[in-house]
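Reader: I would like a close look at one part of this model. Take a single residue and its surroundings, then work outward to the rest of the chain. Please keep it brisk.

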Amino acid sequence: IGGNRVAHGGNGSEVRASLNIPFGGSGSSGSPGTGLRVSVLDRTDAGYIDNPKTGQSDVNKATTRGGRVALNAQINADWSVQAWALTQKFKAGGIGSQDVNGPSLTPVTKELERSVTIPETQDIGLDVVNLTIKGQAAGFSLVSSTTYQTVKAETNVDVSSSLGALFSAVLSIPNIGMQTKQLIDTKRWSQELRARSSAMGDRLDYEAGLFWTKEDSSNSLPPLDTFNTATGAAMPLGLPIANAMLGTRYQEYSLFGNATYAVTPQFDLLGGLRVSHDNQHYTQDYKLALLTNVPVALQQDASNQKTTYLLSARWKPAADTAIYGRIATGYRPGGPSALAPDVVPGGKQTFEPDTLTSYELGFKSAFMGGKASVEAAVFTTED
């Protein structure tokens, strides 16, 4: 149980509880046994933004509630099953932003104040389920991990002071109020299979695996009418501020492997390779709106294949000291830019994949019988 207070804001609290329930044996040392763990969370983050227009205080107070259930079962000395499910819900009645005058950035009214007509809210829900199976067969350690995840989010923001003021000036209509609503819906599956073993009198450790993921995601800006900032009443202008949807279907396959070879008891080498292939399908649907002069519907496909690697060497001049060097590459797929056509001259609707290479040299040592340790490293990263 905990509590907190934010300066010039409100109070927060936190309650956590967990329960472990062993049954059906101990599960220790590979003997059959099952254990259940249940944990819950209820947290309130104090608000600190006031709305002088409505007289409300600490409007950005947020709550997070969630729970997790995990079941571990040791079937026998060789096989075990781990399953867990997690859920978390986040809600906030405002955003952590204050009104300022540009370019001086001085407060429009007072510090930590934001004047809005429409309530600004955030709602985010996360649910994850995982099943992991571990076992031994034919001299290999095997792992299968399956995960399903969903994310649903809704964010409402009053943009009257920016876009509303702009359209009021352009259309010569006072008190135009505008609101944006963003809806995100993501569903993701992933599966990983790994096999690990050793050879040459345990001087060689090697692992290989397969990773697959599939994701369907949509990012929508549904049509919303404008309103009068003085009264809050609807003020239709004939078109909504926006009416758009960005959709993505993403699928990736990866084959990976790595091996560590002990050249001597004090010196070993590590090498890893990963070959990835991804396919993406983008849908960008911009209907006629105040921010979109010309409706546009785009269907785009992209496919990329990339090989990344890891090379590392480690020398242990003493049992508790190691000096290592590492070179590693990384890769991140591209995606849609969420940029409506013609908003920015020459602006692209997609962005390309990016890669990086990291170089690192480090030192680790323990002393005083393991009571103290030191780690140091120098590194650089290039794209």
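Author: Asn-156 touches six residues beyond its own stretch of sequence: Pro-119, Glu-120, Thr-121, Gln-179, Thr-180 and Lys-181. That list leaves out residues up to four places away in sequence. All of this is read from a predicted model.

Two of these partners also meet Asn-156 through polar side-chain contacts. The side chains of Asn-156 and Thr-121 are joined by a polar contact of 2.9 Å. A polar contact of 3.3 Å links the side chain of Asn-156 to that of Gln-179. Asn-156 itself sits in strand β9, which covers residues 140-158. Thr-121 belongs to the range of β8, given as 121-137.

Is Asn-156 buried or exposed? Its relative accessibility is 4%. The cut-off for buried is under 20%, so Asn-156 counts as buried. For the chain as a whole, buried residues make up 29% of the 383 residues.

Now to the stretch around β6 and β7. Strand β6 covers 100-101 and strand β7 covers 106-107, and Pro-103 is found in the loop between them. The peptide bond from Gly-102 to Pro-103 is cis, with omega near 0 degrees. Most peptide bonds are trans.

Leu-105 lies in that loop between β6 and β7 too. Leu-105 is not a glycine, yet its phi is positive, at about 65 degrees. Most residues other than glycine have a negative phi. Leu-105 has 59% relative accessibility; the cut-off for exposed is over 50%, so Leu-105 counts as exposed.

Pro-107 has its place in strand β7. Leaving aside neighbours within four places in sequence, Pro-107 is in contact with Gln-98, Asp-99, Val-100 and Asn-101. Val-100 and Asn-101 carry the numbers given for β6, 100-101. Pro-107 counts as partly exposed because its relative accessibility is 25%. What separates Pro-107 from Tyr-250 in sequence and in space? The two are 143 residues apart in sequence, and 43 Å apart from C-alpha to C-alpha.

The loop between β7 and β8 holds Leu-112. Leu-112 has a positive phi of about 60 degrees, although it is not a glycine. At 24% relative accessibility, Leu-112 counts as partly exposed.

Next, the whole chain. Its secondary structure comes to 1 helix and 21 strands. The C-alpha trace spans about 85 × 50 × 40 Å along its principal axes. The radius of gyration is 27 Å, whereas a compact globule of 383 residues would have one near 21 Å.

Contacts across the sequence can be put as a share. Take contacts between residues at least 6 apart in sequence: 61% of them join residues at least 24 apart.

Last come surface and charge. The accessible surface of the chain is about 22,000 Å², and carbon and sulfur atoms account for 59% of that area. There are 32 positive and 35 negative side chains. The centres of these two sets lie 5 Å apart.

Back to the starting point. Asn-156 is a buried residue in strand β9, with polar side-chain contacts to Thr-121 and to Gln-179.

Conventions: Residues numbered from 1 in each chain as written. Predicted model: local features only at pLDDT ≥ 70, side-chain atom pairs only at ≥ 80, totals over all residues. Heavy atoms only, no water. Helix = DSSP H or I, 4+ residues; strand = E, 2+ residues; numbered from the N terminus. Buried < 20%, exposed > 50% of the residue type's maximum accessible area, 1.4 Å probe, protein only. Polar contact = N/O pair within 3.5 Å; in protein donor to acceptor, adjacent residues only side chain to side chain. Contact = heavy atoms within 4.5 Å. Rg over C-alpha atoms; globule rule 2.2 N^0.38 Å. Areas by Shrake-Rupley, 256 points an atom, 1.4 Å probe, with all protein chains shown as cover. Lys, Arg positive; Asp, Glu negative; His and termini not counted. Charge placed at Lys NZ, Arg CZ, Asp CG, Glu CD.
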